[in-house]
Amino acid sequence: MMDREFVVVLVTVGSRSEGENLARQLVGDGLAACVNIVGPIRSVYVWEGEVAEDDEHLLMIKSRDELLAALEARVREMHSYEVPEVVALPITGGSAPYLDWLRAVSYTHLTLPTRSCQCRSRGAGGRCGGG
């Protein structure tokens, strides 16, 4: 069993375009290694004392636990909802090569980049080739 180095953060958004914009920002800022956008999904929840239903998209954000506070702050800053869902689940195991990649591409809070990668070359799996 691993310590809590990595997390999957669940965030719902009201539209695919909002999800894409948020995903690009989080990955570009180094706050997430990867964001999957799933949906549309149907959410049923209580809001202001009433049962509500909406179509949403679910973001599955892979990141480091130490980046969670900064990631949540960015989500809250950019999100259209008054109370956005930000739920972190620990990653307790996984493929060693994938976790090594996750470690390599998500930055620590001490090394956040000042700009996102502008390269056009892509390595294996569509990831940045480092240009």
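A nonpolar core is a set of buried Ala, Val, Leu, Ile, Met, Phe, Trp, Tyr and Cys residues joined through side-chain atoms within 4.5 Å. Keep that cut-off in mind while reading this predicted model.

Start with the overall layout. The protein holds three helices and four strands. Read from the N terminus, the elements follow the order β-α-β-β-α-β-α. The chain has 131 residues, and 32% of them are buried. Contacts reach far along the sequence. Of those between residues at least 6 apart, 69% join residues at least 24 apart.

Now go inside. The largest nonpolar core contains 16 residues. Val-9, Val-11, Leu-22, Leu-26, Leu-59 and Ile-61 have the most contacts within this core. Four elements each supply at least two of its residues: strand S1 (6-13), helix H1 (16-28), strand S3 (50-64) and helix H2 (68-78). S1 gives the largest share, with four residues.

Leu-59 is a good residue to centre the view on. Set aside its neighbours within four places in sequence. Leu-59 then touches Val-9, Leu-10, Val-11 and Val-13, along with Gly-19 and Leu-22. The list of its contacts is completed by Val-35, Asn-36 and Ile-37. A second core, separate from this one, has nine residues. Among them are Ala-33, Leu-99, Trp-101 and Leu-102.

Next, take the helices. In H2, the buried residues are Leu-68, Leu-71 and Val-75. Viewed down the helix axis, the buried residues of H2 fall within an arc of 65°, so they line one face. The spacing has a simple background. An α-helix has 3.6 residues a turn, so residues three or four places apart point the same way. The buried residues of H2 pack against S1, H1, S3 and strand S4 (87-90). Turned away from that buried side is a face with the exposed residues Ala-69, Arg-76 and Glu-77.

Ala-73 also belongs to H2. Is Ala-73 buried, partly exposed or exposed? Its relative accessibility is 44%, so Ala-73 counts as partly exposed; the partly exposed class lies between under 20% for buried and over 50% for exposed. Ala-73 and Val-86 are 13 residues apart along the chain, and 9.9 Å separates their C-alpha atoms.

Helix H3 spans residues 96-105, with Leu-99, Trp-101 and Leu-102 buried. These buried residues cover an arc of only 155° around the axis, which puts them on the same side of H3. S1, S2 and S3 are included in what covers them. Pro-97 and Ala-104 are exposed on the other side of H3.

Finally, look at the open space. Rolling a probe the size of a water molecule over the atoms shows where empty space is left. The second largest pocket has a volume of about 240 Å³. Which residues line the second largest pocket? They are Thr-12, Ser-43, Tyr-45, Val-46, Trp-47, Asp-54, Glu-56, Tyr-81, Glu-82, Val-83 and Glu-85. Strand S2 (34-47) and S3 are the elements that give two or more residues to this lining. The largest share, four residues, comes from S2. By type, the lining divides into five nonpolar, two polar and four charged residues.

Methods
Residues are numbered from 1 along each chain as its sequence is written. This is a predicted model: local features need pLDDT of at least 70, side-chain atom pairs count only at pLDDT 80 or more; totals for chains, interfaces and linings use all residues. Side-chain values use heavy atoms; hydrogens and water are left out. Buried means under 20% relative accessible area, exposed over 50%, partly exposed in between (1.4 Å probe, protein chains only). Contact means heavy atoms within 4.5 Å. On a 1 Å grid over the protein atoms alone, a cavity is a set of points where a 1.4 Å probe fits but cannot get out, and a pocket is an open set with protein on both sides within 12 Å along at least five of seven lines; lining residues have an atom within 4 Å of a point. Grid points are joined across faces, edges and corners, and a volume is the space filled by probe spheres set on the points. Ala, Val, Leu, Ile, Met, Phe, Trp, Tyr, Cys and Pro count as nonpolar, Asp, Glu, Lys and Arg as charged, and the others, Gly among them, as polar. The arc is that of the directions from the helix axis to the C-beta atoms.
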